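User: Please take a close look at the disulfides in this model. Then move on to the aromatic rings.

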Amino acid sequence: MFVSGLVSMFLFFHATGVEAFTVTTKNPDVRAKENEGADLYCTHSADFGADARVEWKFRDMKGSTTYVIFDGKPTTLYEGRVTMFDGMLRFNKVTRKDNGQYQCEVSNKQYVGDTKVNLTVLVPPSVPMCRIPASVTTGHRVLLSCHDAEGSPSPTYKWYKDKTPLPVDPSQFPAFKNYTYKINPLNGNLEFPSALVIDTGDYSCEAMNDAGPVQRCQAVRMEVRNINTGGIVAGVIVALLALALLCFGLWYAHRKGYMPKKSESKPSVVYQPTSESGDEDGEFRQKSSFVV
């Protein structure tokens, strides 16, 4: 009898175009400034009944999941921060740690339904940290990095050389056709697979999102120098000449007799007299030692 009733209810909703046991939200993407309030909406169809159980879960940017509302009340982490109303979860203040996905789950004894709401907390970018080498050698791979850990949503990045913006694809612009760099605007990396002298310049980077003004790091000059082959060869030649001159000087000094010759050792005799008195037998014995 119960099963037939559920089948009849399903056929009724299907025939009338009304879906049974549905959970929806009127705003799946909520954006709010940091330290301001935010409302997350969740409504469900009446067929869940008056005693429907509503729970909220949070999945952060790293994939970890925790309860926000459990058994009809906020969990310890959210006490004093959130309030649940009929069809809505309200944050008094949001922080960048609240960035992530919220799941509203509605259930009764037979059915479970859910909907998801993405919350983006708006935080302006800070001055990015740029790593730019001061000197590099031609032909070497060089990586310049730019990163801001504060901005939300995650900033995108733009690089400048001598105050001129660098296009992401240099091959599309005649003025940059001789450049071989690669830019990743999502992680802020500027890579030179094989540095050239024309890559010398003052480099800076901008971090930007739609939460606040653009921020730029201080420009740093990168010098790209050729390998000094002539200097290396000259240094080797000078070293060889110095070694040859030293060897000739030693040979000449030895031939002219300026070098000390090895002296021949002669045996030496050390005489050690004995006492004038004799030994225990009354005899006098001469004792001497020869040291060579």
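Analyst: The disulfides come first, then the rings, then a surface patch.

This is a predicted model, in which local features need pLDDT of at least 70 and side-chain atom pairs count only at pLDDT 80 or more, while totals for chains, interfaces and linings use all residues. Residues are numbered from 1 along each chain as its sequence is written, and side-chain values use heavy atoms, with hydrogens and water left out.

A disulfide here is a pair of cysteine sulfur atoms within 2.5 Å. By this rule there are three disulfides. With the bonded cysteines of the protein chain numbered in sequence order, the pairing reads 1-2, 3-6, 4-5.

Take Cys 42 and Cys 104. Their sulfur atoms lie 1.9 Å apart. The angle about the S-S bond is -70 degrees, and the link is left-handed. This pair links distant parts of the chain, 62 residues apart. Cys 42 sits in the loop between strand 3 (38–41) and strand 4 (43–44), and Cys 104 in strand 10 (residues 100–107). Strands (E, at least two residues) and helices (H or I, at least four) are DSSP runs, numbered from the N terminus. For burial, the cut-offs are these: buried is under 20% relative accessible area, exposed is over 50%, and partly exposed is in between (1.4 Å probe, protein chains only). Cys 42 has 5% relative accessibility, so it counts as buried. Cys 104 is buried too, because its relative accessible area is 0%.

Next, Cys 130 and Cys 217. The sulfur atoms of this disulfide are 2.1 Å apart. At -100 degrees about the S-S bond, the link of Cys 130 and Cys 217 is left-handed. Cys 130 lies in strand 12 (residues 129–131) and Cys 217 in the loop between strand 20 (215–216) and strand 21 (220–225), so the pair ties together parts 87 residues apart in sequence. Cys 130 counts as partly exposed, because its relative accessibility is 22%. Cys 217 is buried, with a relative accessible area of 7%.

The remaining pair is Cys 146 and Cys 205. The S to S distance is 2.1 Å. The link is left-handed, with -85 degrees about the S-S bond. It joins distant parts of the chain: Cys 146 in strand 14 (residues 142–147) and Cys 205 in strand 19 (residues 201–208), 59 residues apart. Both cysteines, Cys 146 and Cys 205, are buried.

Now the rings. Rings of Phe, Tyr and Trp (its six-membered ring) pair if their centres lie within 6.5 Å; planes under 30 degrees apart count as stacked, over 60 as edge-to-face and the rest as tilted. The count comes to ten aromatic pairs. Among them, Tyr 67 and Phe 70 have centres 4.9 Å apart and planes at 65 degrees, so this pair is edge-to-face. Phe 176 and Tyr 179 form a tilted pair, at 5.6 Å centre to centre and 50 degrees between the planes. Both Phe 176 and Tyr 179 are buried. Ring pairs link Phe 176, Tyr 179, Tyr 181, Phe 192 and Tyr 203 into a cluster.

Charges also sit over rings (NZ of Lys or CZ of Arg within 6 Å of the ring centre and within 35 degrees of the ring normal). Arg 53 lies over the face of Phe 70, 5.4 Å from the ring centre. Arg 216 lies over the face of Tyr 160, at 4.0 Å.

Last, the patch. Leu 250 lies in helix 2 (residues 229–255). Leu 250 is partly exposed, because its relative accessibility is 48%.
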